[in-house]
2 protein chains.
Amino acid sequence: MREAVRWAPERVRDLYVTDEAAERYAEFVEPAREQGRYVHTVSEEVLAAMCDAETPQGVAAVVDQAPTTLAEVLAGSPRLLVLLTHVRDPGNLGTVVRAADAAGADAVLVSAASVDLTSPKVVRSTAGSLFHLPVVTGLEIGATLAALSQAGVRSLAADGAGSRTIDESDLTAPHAWVMGNEAWGLPEEIRSACDEVLRVPIHGRAESLNLAMASTICLYASARVQRA
Amino acid sequence: MREAVRWAPERVRDLYVTDEAAERYAEFVEPAREQGRYVHTVSEEVLAAMCDAETPQGVAAVVDQAPTTLAEVLAGSPRLLVLLTHVRDPGNLGTVVRAADAAGADAVLVSAASVDLTSPKVVRSTAGSLFHLPVVTGLEIGATLAALSQAGVRSLAADGAGSRTIDESDLTAPHAWVMGNEAWGLPEEIRSACDEVLRVPIHGRAESLNLAMASTICLYASARVQRA
């Protein structure tokens, strides 16, 4: 909420707050009032009915979506992107958006047949990062890989099948990490359409990392090299 | 379950399986039978009543805990450890155990006043890694830092207050990452008792990373350097 008011105030339509929360979160409720947003005072019961959180924090907002297109992202000469294909778990999508933000990525790309970006669990698990960087949804994977290639952005499939590890490839040039579904990973046809297939090294006995962890490791490996 | 049978068979006391699961998981149910473990066939109703998972997978086991002491871990000349202080979320503890396993860490250390390692949600989120590396629980933090120091293991506090980033320190020598609580991080008295305070760099607008992500990044930064 605070991040929406701070970084995307033009998208905030209404704020609903309890008396107690208006005081506790004055740092962003007051600026929202000053910006002319509708700030409605509601009872705790009304707020609880509005939110599906188990422990609502006393404040809710109606925020416009910010539809961004792949073309707009590519027009900005991105250096670091992540493309999630068929991501199904809301916590994973939210966590990857947060990791991409932290790693300084330019945008997050999400394929069609993925979990809805606007679902409350996704929004919460981005911890505000949803309002920090563009997230493009509903993408067709083949067309996206072609557009990346056209724009000079290498597509790097992160998959255990990679013969080289993420640290053995050159991550300085612009690239997009392509991440698979939680259960079945990346199908062969997507892997072979990418410029390279790289694996996160597993040094112990773990069979794999989960999607959020693998994405975080890949994004930070890129940031380390690109910002060195 | 499979990981317990494979890597810690001496700790598996009983296996409870449905007929259907006995067939589906023959790869580890059969070895368990051959090893002389008690394999009980139960109905789906009984199994559901035994497990608290929303979608039980048709198999449950009673497994002995494997109490390991800090002294035993340090006697093995560890190069990479992680010490979780006051970790409260089961998913976080489980995910860090999995990340430590994947990064090839020697053990996971957990302070007193942390979530119970044997809670089902922790066990599940380790994805089998609980049976791959030692996890020492119930540790007093001050005494643990002293014992690490005595054993020549540097303690590196991972905290946003660090003046240097994790990539700016020398990670070749044996060390333990010291991670704080999800909500309040590392108190000043713990930070100052560590050899160094390092921060995970935040390149975008995200305020922070969650505990599991930060731990994963730190552990992989160490593995990259130590295994180069």
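1. In this predicted model, helix H10(A) passes helix H10(B) in a right-handed crossing. The axes of these two helices, one from each chain, come within 10 Å and cross at roughly 55 degrees, and that angle makes H10(A) oblique to H10(B).

2. The residues through which this pair of helices meets can be named on both sides: A:Met213, A:Thr216, A:Ile217 and A:Tyr220 in H10(A) are in contact with B:Met213, B:Thr216, B:Ile217 and B:Tyr220 in H10(B). Sorted by class, the contact of H10(A) with H10(B) comprises 6 nonpolar and 2 polar residues, and charged residues are absent from it.

3. Turning to the interface as a whole, 26 residues of chain B are in contact with 26 residues of chain A. On the chain B side, the elements that contribute two or more residues are helix H6 (90–102) and helix H10 (211–226) of chain B, and of these H10(B) gives the most, with 6 residues. The class make-up of the side of chain B that touches chain A is 12 nonpolar, 8 polar and 6 charged residues, so charged residues do occur there, whereas the contact of H10(A) with H10(B) has none.

4. As for the relation between the copies, chain B can be laid on chain A with an RMSD of 0.0 Å by a turn of 180 degrees, combined with a shift of 0.0 Å along the axis. The two copies are thus related as by a two-fold rotation axis. In addition, 96% of the interface residues of chain B are also interface residues in chain A, so the copies meet through the same surface.

5. Within chain A, helix H6 (residues 90–102) packs on helix H10 (residues 211–226) at an angle of about 15 degrees, and the axes of the two helices are 9 Å apart. H6(A) and H10(A) are therefore roughly parallel to each other, given that angles under 35 degrees are counted in that way, and their crossing is right-handed. On the H6(A) side the residues are A:Asn92, A:Thr95, A:Val96, A:Ala99 and A:Ala100, and they meet A:Leu211, A:Ala212, A:Ser215, A:Thr216 and A:Leu219 in H10(A). This contact of H6(A) with H10(A) has 6 nonpolar and 4 polar residues, with no charged ones. A:Thr216 deserves a second look, since A:Thr216 is named in the contact of H10(A) with H6(A) and is also named in the contact of H10(A) with H10(B).

6. The corresponding pair in chain B can be described in like manner: the axes of H6(B) and H10(B) come within 9 Å and cross at roughly 15 degrees, which makes H6(B) roughly parallel to H10(B). H6(B) passes H10(B) in a right-handed crossing. Here B:Asn92, B:Thr95, B:Val96, B:Ala99 and B:Ala100 in H6(B) meet B:Leu211, B:Ala212, B:Ser215, B:Thr216 and B:Leu219 in H10(B), and by class the contact holds 6 nonpolar and 4 polar residues but no charged residue. B:Thr216 is named in this contact within chain B and also in the contact of H10(B) with H10(A).

7. Finally, on the domain level, chain A is divided into domain 1 (2–63) and domain 2 (70–226), and the centres of the two domains, taken over C-alpha atoms, are separated by 32 Å. The contact between them involves 6 residues of domain 1 of chain A and 4 residues of domain 2 of chain A. The side of domain 1 of chain A that touches domain 2 of chain A is made up of 3 nonpolar and 3 charged residues, without any polar ones.

How values were computed: Residues are numbered from 1 along each chain as its sequence is written. Chains are lettered from A and ligands numbered from 1 in the order in which they are written. This is a predicted model: local features need pLDDT of at least 70, side-chain atom pairs count only at pLDDT 80 or more; totals for chains, interfaces and linings use all residues. Two residues are in contact if their C-beta atoms, placed from the backbone, lie within 7 Å. Helices (H or I, at least four residues) and strands (E, at least two) are DSSP runs, numbered from the N terminus. Axes are lines fitted to C-alpha atoms, for helices over the stretch in contact, and angles run from 0 to 180 degrees between N-to-C directions. Angles under 35 degrees count as roughly parallel, over 145 as roughly antiparallel, 65 to 115 as roughly perpendicular and the rest as oblique. A crossing is left-handed if the near helix is turned anticlockwise from the far one by less than a right angle, and right-handed if clockwise. Domain bounds come from an automatic or database domain assignment. Copies are superposed by least squares on the C-alpha atoms of residues with pLDDT of at least 70 in both.
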